[in-house]
Amino acid sequence: MSDTQTLIENRPPSVAALFLERVAATPDAEAYRYPVPSPAGTGPDEWKSLSWSQAAGRVYAIAAGLIELGIEPEQRVALASSTRVEWILADLGILCAGGATTTVYPQTNSDESAFILSDSQSRVLIAEDAAQVAKAVERRAELPALTKVVVIDAEGVETDDWVITLAELEKRGAAYLETHPELIKERVGAITAEQLATLIYTSGTTGRPKGVRLPHDNWSYMAKAIAATGLLGPDDTQYLWLPLAHVFGKVLTSGQIEIGHVTAVDGRVDKIIENLPVVRPTYMAAVPRIFEKVYNGVAAKARDGGAAKYKIFQWAAETAREYAKASQDSFRRTGTASVPFALAVKHKAADALVYAKIREAFGGQLRACVSGASALAPEIGYFFSGAGIHILEGYGLTETSAASFVNPGEAYRTGTVGKPVPGTEVRIADDGEILLRGPGIMQGYHEQPEKTAEVLESDGWFHTGDIGELSADGYLRITDRKKDLIKTSGGKYVAPAEVEGQFKAVCPYVSNILVHGADRNYCTALIALDEPTILQWAADNGLEGRSYAEVVAAPQTVELVDGYVKQLNEGLQRWQTIKKFRLLPRDLDVEHGEITPSLKLKRPVVEREYRGLIDEMYAGAREA
């Protein structure tokens, strides 16, 4: 048996047990870093730290507080908060109490929040602030199982018997521990591998979301599997901003506990650019939208600098892609990344002019990023690779505890999601669907055995719903969601995500794009532009002072985007080309339910919302 197999097979039954081991092993090492905003925003945030023993003090107090409130093993405690250090401490407190965390996105409306709290039968809700508390108060009559609300940030919240602060919960827990000093050790020691640890509700595109049941063993396995990839070490600094209610963010907390590196936590997406030079991470996970925004921002800034500057950027971008493709191809063939001498000289010049500034914007110490949740356009991936920002694409679902595949360090291949993490098996079905089996697979959907049976076979194989291809040496390439593949009325198949990704690589002004064409005789697109970028362009092109809706309706803007659509079409097969497009009057967003909190497009919602624009593009067209 290999060391990796031993590591994974001898895992403890829970991450709670791993946490106790970590605290005992490195009590004084830095665990978490978090920002404390300056009073009234008068200056930059102050970053503070918690050691593992300091974090444990708070985690155990929260756990004991929950036990004093009556939380029994596997009983649910809901957590409705943005990404912040208290989210992690509360989650670990729930797990150490033997309970199970129900994750709730803070953007979730009161109706869906009430459904999740009711369906999960959550006994306690840990809410971030007054806005989250208000949702529970509004629907209290529908939530008889909910016995207590605990608020993290109590500003503007009236506390009473039903609503208490997190500080109060910790105070009560600490007092309880004084008379029950072995309580946490006993609770954690009693946790079994199959005991429920987490209920994550998938944001369904139609109907109510489904609760995915993830037992303690899933997270313990994930912690060991992430460590076994060798991508991270104890000296790394991770910048964690992803939604912790999402499985991608959640799995990163498990890996950190096993490895013992520092995690800087701040979920404010608008602070990412400001935080990176302060945190100076060596590692960061993100979704493709973040890399697209950075790329488009750099491209737009270069364009605004005049024709000469933009020409330099275009040359540097092409050089980066050429360099990345050559070095990755060389590594694949020989195990060493090398490029022709002339390309190396050109790359060095481009590095001084362009790439070094991009790396500095990321904090200057970034070894690697992991990208997941949806597909990254290969041309954007190659650009960052050539610029020295190494994006390792990965793949997984809520139902597989997130980290099923990841690219292996130096041997990463842009355009693939890498190889299975140790302990996970993969098979490609006859119709191209990716099937997975292993310790990361869910138990099933909460109280929905029929839905579970649709995706989970009796021998453990899980149907992902994604279409993919495996290379001879085990690298997986995702081609599309099975249900998203478009079949035109002419019988040709189109993978919309592939076309959308290519457009994002050519158009620096795009925010979101949806390609449509199922049962039609040509493809069309709905395009939403990035507001700050297009408004800057508008100010430089005679449209200053106009609103976003007015700018996208202007003929000059339509003509601008049309040029990029033509550029896209040059690289596509005839049946893939975009014959018509419409610019949307506003960007797609989470609040309108058009994209998920992890920034994935909800196609049915967008198509339903803009049915009129889609029909307009096919008006008068003869359908085959």
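Visitor: How many residues does the largest nonpolar core have?
Guide: This is a predicted model. Among the residues with the most contacts inside the core are Phe19, Phe384 and Phe503. Tyr32 and Ile527 belong to that group too. The core has 171 residues.

Visitor: Which helix gives the largest share of this core?
Guide: The largest share is 10 residues. They come from residues 52-68. That stretch is helix H3.

Visitor: Which residues does Tyr32 touch, leaving out those up to four places away in sequence?
Guide: Tyr32 is one of the residues with the most contacts inside the largest core. Its partners include Lys48, Ser49, Leu50 and Trp52. Others among them are Gln256, Ile257, Thr263 and Val265. The list also includes Ala55, Val85, Ile88 and Leu92.

Visitor: Which strands pair with S5?
Guide: Strand S5 covers residues 124-127. Strand S3 is joined to S5 by 4 bridges, and the two run parallel; here Ala80 has Ala127 as its bridge partner. A parallel pairing over 4 bridges also links S5 to residues 148-151, where Val124 stands opposite Lys148. The partners are S3 and S6.

Visitor: Are the residues of S5 that point either way buried or exposed?
Guide: Val124 and Ile126 point one way. Leu125 and Ala127 point the other way. All of them are buried.

Visitor: Why does Leu353 count as partly exposed?
Guide: Leu353 sits in helix H14. With Ile312 and Trp315, Leu353 makes a nonpolar surface patch of about 260 Å². Partly exposed lies between under 20% and over 50%. Leu353 counts as partly exposed because its relative accessibility is 44%.

Notes: Residues are numbered from 1 along each chain as its sequence is written. This is a predicted model: local features need pLDDT of at least 70, side-chain atom pairs count only at pLDDT 80 or more; totals for chains, interfaces and linings use all residues. Side-chain values use heavy atoms; hydrogens and water are left out. Patches are made of residues with over 30% relative accessible area and no salt bridge: like charges are joined within 9 Å, nonpolar side chains (Val, Leu, Ile, Met, Phe, Trp, Tyr) within 5 Å. Accessible areas come from the Shrake-Rupley method with a 1.4 Å probe; for residues, only the protein chains shown count as cover. A salt bridge is a side-chain nitrogen of Lys or Arg within 4 Å of a carboxyl oxygen of Asp or Glu. Buried means under 20% relative accessible area, exposed over 50%, partly exposed in between (1.4 Å probe, protein chains only). A nonpolar core is a set of buried Ala, Val, Leu, Ile, Met, Phe, Trp, Tyr and Cys residues joined through side-chain atoms within 4.5 Å. Contact means heavy atoms within 4.5 Å. Two strands pair if DSSP finds at least two bridges between them.
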